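Visitor: Could you walk me through this one? I would like to look at the fold step by step.

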Amino acid sequence: MIAAAWPPWDFDLLVWVALVPWCLAVAQQRRLLGAFAQGFLLSLLVGLLSAHWIAFAAREFLEVSEPVSVLVLLLFSATCAQPHLIFFALVLHWSHRRLLREASAARSILVCLALALLYTGLEAATPRLFDIGLGYALHDSPRLRQAADLGGVRLLTFAVVAANLLLWQAFSLLRTTRRRASIATHLLVVGVGLGTLAMYGSVREGEIRSLVEEAGASVEVGVVQGNVPNDVRLAWARGDERAAEEQLAAYALPTEELMGRTPPPELIVWPEAAFPGVFMQPRSKLQRGRANKFDRQILRLNRPVVFGAYDLETRDSEVVLYNALFAVTPRYDKPGTQGSVQRYRKYLLLPFAETIPGLEGNAWLRRNLPSLGFFGKGEGASVFDVETPNRNKLSLGPTICSESLSSQHVIDTVRQGAEILVNVGSDGWFGDWGEPQFHLAVARLRSVETRRPQIRSTNTGVSALILPDGEIATRSAVGKKATLSFSVPLISPIESTVVRWGDWFGWASLITGVSTILLIMIWVQMGSRRRGT
């Protein structure tokens, strides 16, 4: 049910009851070992069912055999899919036996809320390859997702887990004591909680939509989705000049078509690694010729172009390669001359794809896994300040692919002054079904948290314009060539609680959850002593 509630299936109603049967199973275990097994089994199955694209990525990117790719998926699912479920299963089992048996309605509700906080805190504290929580199931809920500007997606996760635990307790009471008043109280708390979130979301959604509709200005943006096959991308990365020409043409030609539209775009955005090679550092005569062709097109366009490319730096006699995003802005006072070039180097590298933690310099791995990037780490969040031909001054917040998974990194980008988020990616390594839809959902909640519009440009989809309330104004299909033209509203920056306080809710939940459980334990112990006396 968890996997079905997430993209691409999006049966989001299931997430409100998905944990109920699991909680029943954990509570029925006689020993902690049984609870451990329940937690491990759920983590394993959620990983297998929701991240099946890991196997596809292993075949496409690492170029391993199919049996090895399945082994990679199994290893991921068994170790780092949802490992916090294991810890939570142990806590839930203990709490059921020590705090919830024969508990009053008030204590039962308090324990459920404390456990929901603890779940959220464990989710934030437990290292995972992909920080994917239950709250992402609400990405397509127009009202409920608005609460993410208060506590991020963690707050949505807390709401989901709290509802599941309260429903579990209500069902348990129905099976045993049939205390109708207590059952009704648990259900009432669920209703009041969801109603409060929906009311807040309705008000907030209305405010954001009014600001968007009343925006006094907008900027026309053109996005190119080249849909370059993975084998072509691997070929040019290894020096195949024909593949490099094919890659560049996949973006250069549609860009010319975009310029013929009315109105023409003021800003062009290409996805991650769209320019085939190291920008401004050609390594051969053919590369120099291709770079000159690209430079001439940028000068002819006479507007800012944001695109992904590699960047190279020699540091302490060692050559370091970066996955980078560039923004080239022309000089409007002297047409035909190059203006400013700004760069952003990816800061949060994807483990086991762009780096191997602790083994970045291992010569054997570099020799036997040539597809791995072994990229250098960038300096951190930054902003592109560009000016369009219409003299619109834009502050763009660049993030590359998987960096959108980090709420804090996007928040740091906004704190640097970003008024529009720009997320470029290359989701084609993961296939057409599953990861691209999930990545879009993640991006939507980053816009809600920071209240910033977002331009997404990906090689194979989903490219999109996301509004500050998480609404997708326009989008592309997956696995097809596409060009998008849209108007991004220029609204005054909205400072959300998340932008002010950062990604605070997870750690606050862990501290509050542990403290509340300890206080309830003391309360129960004191009650037991009084009854004994």
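Visitor: Of the contacts in the protein with a separation of 6 or more, what percentage is accounted for by residues 24 or more positions apart?

Guide: Happy to help, and please keep in mind that this is a predicted model. The chain holds 17 helices and 12 strands. Among contacts with a separation of 6 or more, the share from residues 24 or more positions apart is 71%.

Visitor: What radius of gyration does the protein have, and what would a compact globule have?

Guide: The C-alpha trace spans about 90 × 55 × 40 Å along its principal axes. For 533 residues, a compact globule would be near 24 Å, and the protein agrees with that, having a radius of gyration of 25 Å.

Visitor: How much of the protein is buried, and what part of the exposed area do carbon and sulfur atoms supply?

Guide: Counting as buried any residue under 20% relative accessible area, the buried share of the 533 residues is 56%. The protein exposes about 22,800 Å², and the part supplied by carbon and sulfur atoms is 59%.

Visitor: Which strands stand at the edges of the six-stranded open sheet?

Guide: The order is β5-β4-β3-β2-β1-β12, with mixed pairing. Two strands have a single partner each, so one side of each lacks a neighbour in the sheet: these are β5 (340–345) and β12 (482–490). From one strand to the next, the twist averages 40°.

Visitor: Which residue in β5 is the bridge partner of L325?

Guide: Strand β4 covers residues 318–329 and runs antiparallel to β5, with six bridges joining them. In β5, the bridge partner of L325 is Y344.

Terms used
Residues are numbered from 1 along each chain as its sequence is written. This is a predicted model: local features need pLDDT of at least 70, side-chain atom pairs count only at pLDDT 80 or more; totals for chains, interfaces and linings use all residues. Side-chain values use heavy atoms; hydrogens and water are left out. Two strands pair if DSSP finds at least two bridges between them. Helices (H or I, at least four residues) and strands (E, at least two) are DSSP runs, numbered from the N terminus. Axes are lines fitted to C-alpha atoms, for helices over the stretch in contact, and angles run from 0 to 180 degrees between N-to-C directions. The radius of gyration is taken over C-alpha atoms; the globule rule is 2.2 Å times the number of residues to the power 0.38. Buried means under 20% relative accessible area, exposed over 50%, partly exposed in between (1.4 Å probe, protein chains only). Contact means heavy atoms within 4.5 Å. Accessible areas come from the Shrake-Rupley method with a 1.4 Å probe; for residues, only the protein chains shown count as cover.
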